[in-house]
Amino acid sequence: MSDQPASQRSGGGLIASIPLPVLFCMVASFWGLNTVAMRVAGRSVPPLTVAAARSLLGGTILFAIAKRRRADRPRTREEWFWVIALGLIMTGASTACLFLAAKSIPAGLVAILTNTMPIFVAVLAPFMLSERITARTAVGLVVGLGGTVIVAWRAIEGNVRPLGIVYGL
């Protein structure tokens with residue numbers, strides 16, 4: 001990782017002017033606060049309403065950025081269908097499950113469960129992509145999951161509902 005501003009690496013812009021370690025800390029902070037924010041928001045608003053609002057806001061911002069950059073966009077009805085279908089499934093459904101999990105189990109446990117995704121990918125990769133799990137990959141997965149458990153362990157308290165665990169995974 002370099003301390004060199006991203007503007008010197010990628011050609012400019014507001015975010016590109018921020019040093020990489022600062023960007024890393026910002027992302028880690030926002031990512032870490034996500035489950036806590038879901039838990040707090042879920043106290044007064046139904047979880048699926050919050051999930052829908054979050055996805056709609058994020059999609060609107062990304063659409064505006066793509067439009068400003070004149071990025072390619074779907075042209076046919078079929079392309080739009082797949083963009084919308086995949087967006088609903090990959091973003092909408094997963095966000096809804098996260099919010100439902102945050103409503104029924106502690107935020108620390110939600111954080112641990114959502115960070116198990118690399119393990120699922122690594123386990124499925126040999127079957128779906130014919131990739132091998134190397135010793136280095138296995139050690140990285142164990143260390144990463146172990147770090148997640150250590151950080152989130154103290155946040156786990158209260159009743160743990162099995163359905164909440166399913167939503168979190």
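**Helix H3 and the nonpolar core**

The buried residues of helix H3 are covered by, among others, helix H2, residues 20-44, and helix H4, residues 77-104. Before going on: this is a predicted model.

I'll start with H3 itself. The helix runs over residues 47-68, which makes 22 residues. At 1.5 Å a residue, H3 should span 32 Å, and its end C-alpha atoms are 32 Å apart, so the expected and the computed length agree.

Now the faces of H3. Which residues are buried in H3? They are Pro-47, Val-50 and Ala-51. Around the axis these residues cover an arc of only 100°, and therefore they sit on the same side of H3. The other side of H3 has exposed residues: Leu-56, Leu-57, Lys-67 and Arg-68. Just after H3 comes Arg-70, with a positive phi of about 55°.

Next, the core. Two of the buried H3 residues, Val-50 and Ala-51, belong to the largest nonpolar core. How many residues does the largest nonpolar core have? It has twelve. Besides Val-50 and Ala-51, the members are Met-38, Ala-96, Leu-98, Phe-99, Ala-101, Ala-102, Ile-105, Leu-109, Val-110 and Leu-113. Elements giving two or more residues to this core are H3, H4 and helix H5, residues 107-114. Of these, H4 gives the most, with five residues.

Last, Met-38, which is also in that core. If we leave aside its neighbours within four places in sequence, Met-38 is in contact with Leu-98, Phe-99 and Ala-102. Those three partners are core members too.

That's what I have on H3 and the core.

Conventions
Residues are numbered from 1 along each chain as its sequence is written. This is a predicted model: local features need pLDDT of at least 70, side-chain atom pairs count only at pLDDT 80 or more; totals for chains, interfaces and linings use all residues. Side-chain values use heavy atoms; hydrogens and water are left out. Helices (H or I, at least four residues) and strands (E, at least two) are DSSP runs, numbered from the N terminus. The expected span of a helix is 1.5 Å times one less than its number of residues. Buried means under 20% relative accessible area, exposed over 50%, partly exposed in between (1.4 Å probe, protein chains only). The arc is that of the directions from the helix axis to the C-beta atoms. Contact means heavy atoms within 4.5 Å. A nonpolar core is a set of buried Ala, Val, Leu, Ile, Met, Phe, Trp, Tyr and Cys residues joined through side-chain atoms within 4.5 Å.
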